[in-house]
Amino acid sequence: MSGRHHLFIPGPSNLPDRVLRAMDRPTIDHRGPTFRALTFEMQRRLRWVFGCAGPVITYPASGSGAWEAAMVNTLSPGDKVLMCETGQFATLWHDIAGRLGLEAELIAGDWRHGADAEAIGAQLQADTGHTIKAVCVVHNETSTGCTSDIAAVRRAMDAAGHPALLMVDTISSLGSLPYRADDWGVDVTIAGSQKGLMLPPGLSFNAVSPKALAASETAKLPKSYWAWQPMIALNEKGFFPYTPATNTLYGVIEALKMMEEEGLDAIFARHARHAAATRAAAAAWGLELQCADPAQASDVLTTLRVPEGHSADALRATALERFDLSLGNGLGRLADKVFRIGHLGDLNDLSLMSAISGVEMSLGLVGIPHRKGGVLAAMDVLAGAPEAMAERGAA
Ligand code: PLP
């Protein structure tokens, strides 16, 4: 097919040309002085995007590695952790906790809402012996398109006067949604390179609070590759305990420079506009969102349900075959029931419109019942045309 592919899965996201070019350079000696300067600059820029003052550990691993790292560094065999079933990613993290030998308790959820801060608070209040060692929450559940209110979770933990660590998965939120690790009292923030940070897959991060660092001194789960201490000790000197992903690190610096130039508030506002346009399209089509609470609807991606008896995968196959458009699939129990439009990372209004047009044409081609007009509704939002929206009753 001629022209560019349209990648609208909710990560890995599209890479800016500047990031691609920054990585297209010779690899340097990762034990030399130029690399040392690169590590220090990267550390400084990473702390800015996480909103933290403590160390940010960078692993040459996908996000799942950083999930595991957060747990093995802070916890001991048999420790109790409290998790919330927000969707597929929370479920996978819970599975990892179980495999690591933790007693992982899951607050049941319907995969249509974010984490329930009140339920977390109630469990912590009841845990008078403080047997729960960590509360683990996914900030942006990439399977459902629902966000969780991390500040509210922190307030619930404080109200219960409970000393558990707070671990937050920001793999699909960092750099796309407002996030402040220190202000929200998050002890370990888990992140990945391939979504809001506009980098290729392959890096993941743990941003570590002083309390988590203290816990790591006595944590007894086995660890070697993931151990924080040797990483922090060498990072302080500008180096890594094993071969870093040098060329991707060039990309980290370039992506974070771009984010600084645009400004975090402007980036978050852009994601919010693109999400609003996508949701306006969904409403016009008459398709239901998987996220049942509009206040929790994600600005990173939109997960749309197809009517009973219709196949979301058939829609995705048509979008790919006919329009070279990749949409996200339904994960776990949502397989074939939903499709996901990613609107994160390096994106602008007209790129988003290409995806919304592709979806509307594909809905017609596969015969999924819908109303036309999603493209128009999204254009009105992006053009800021409130009169047109009001006229069509679409505001
Ligand atoms: N957590 C969330 C919220 C995710 O979206 C993903 C991947 O999409 C993961 C965890 C797993 O990360 P990875 O696939 O990079 O291992």
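Biologist: What is the relative accessible area of C146?
Modeller: First, this is a predicted model: local features need pLDDT of at least 70, side-chain atom pairs count only at pLDDT 80 or more, and totals for chains, interfaces and linings use all residues. Residues are numbered from 1 along each chain as its sequence is written, and side-chain values use heavy atoms, leaving out hydrogens and water. Buried means under 20% relative accessible area, exposed means over 50% and partly exposed is in between (1.4 Å probe, protein chains only). C146 counts as buried because its relative accessible area is 1%.

Biologist: And C291, is that one buried or exposed?
Modeller: The relative accessible area of C291 is 7%. That value is why C291 counts as buried.

Biologist: How many disulfides are there?
Modeller: In general, a disulfide is a covalent bond between the sulfur atoms of two cysteines. Here, a pair of cysteine sulfur atoms has to be within 2.5 Å to count. By that rule, the number of disulfides is zero.

Biologist: Which helix gives the most residues to the largest nonpolar core?
Modeller: A nonpolar core is a set of buried Ala, Val, Leu, Ile, Met, Phe, Trp, Tyr and Cys residues joined through side-chain atoms within 4.5 Å. The largest one has 90 residues, and F50, M71, I120, V135 and M167 have the most contacts inside it. Helices (H or I, at least four residues) and strands (E, at least two) are DSSP runs numbered from the N terminus. With eight residues in this core, the top giver is helix α9.

Biologist: From which domains does this core draw at least three residues each?
Modeller: Domain bounds come from an automatic or database domain assignment. The core takes at least three residues from each of domain 1 (17-260) and domain 2 (263-394).

Biologist: Which residues does I120 touch, leaving aside its neighbours within four places in sequence?
Modeller: Contact here means heavy atoms within 4.5 Å. By that test, I120 is in contact with L82, C84, I107, A115, V135, V137 and V153.

Biologist: Which parts of the chain does the D187 and R154 pair tie together?
Modeller: A salt bridge is a side-chain nitrogen of Lys or Arg within 4 Å of a carboxyl oxygen of Asp or Glu. D187 and R154 form one at 3.8 Å, N to O, and both residues are buried. They are 33 residues apart in sequence, so the pair ties the loop between β8 and β9, where D187 lies, to R154's helix α6.

Biologist: How far apart in sequence are D349 and R273?
Modeller: These two also form a salt bridge, with their closest N and O atoms 2.8 Å apart. D349 is partly exposed because its relative accessibility is 26%, and R273 is partly exposed too, at 33%. D349 is in helix α12 and R273 in helix α10, so the pair links distant parts of the chain. Their separation in sequence is 76 residues.

Biologist: What is the omega of the peptide bond from G11 to P12?
Modeller: Most peptide bonds are trans. P12 sits in the loop between β1 and α1. The bond from G11 to P12 is cis, with omega near -5°.

Biologist: What is the phi of H130?
Modeller: H130 lies in the loop between α5 and β5, and H130 counts as partly exposed because its relative accessibility is 30%. Although H130 is not a glycine, its phi is positive, at about 55°.
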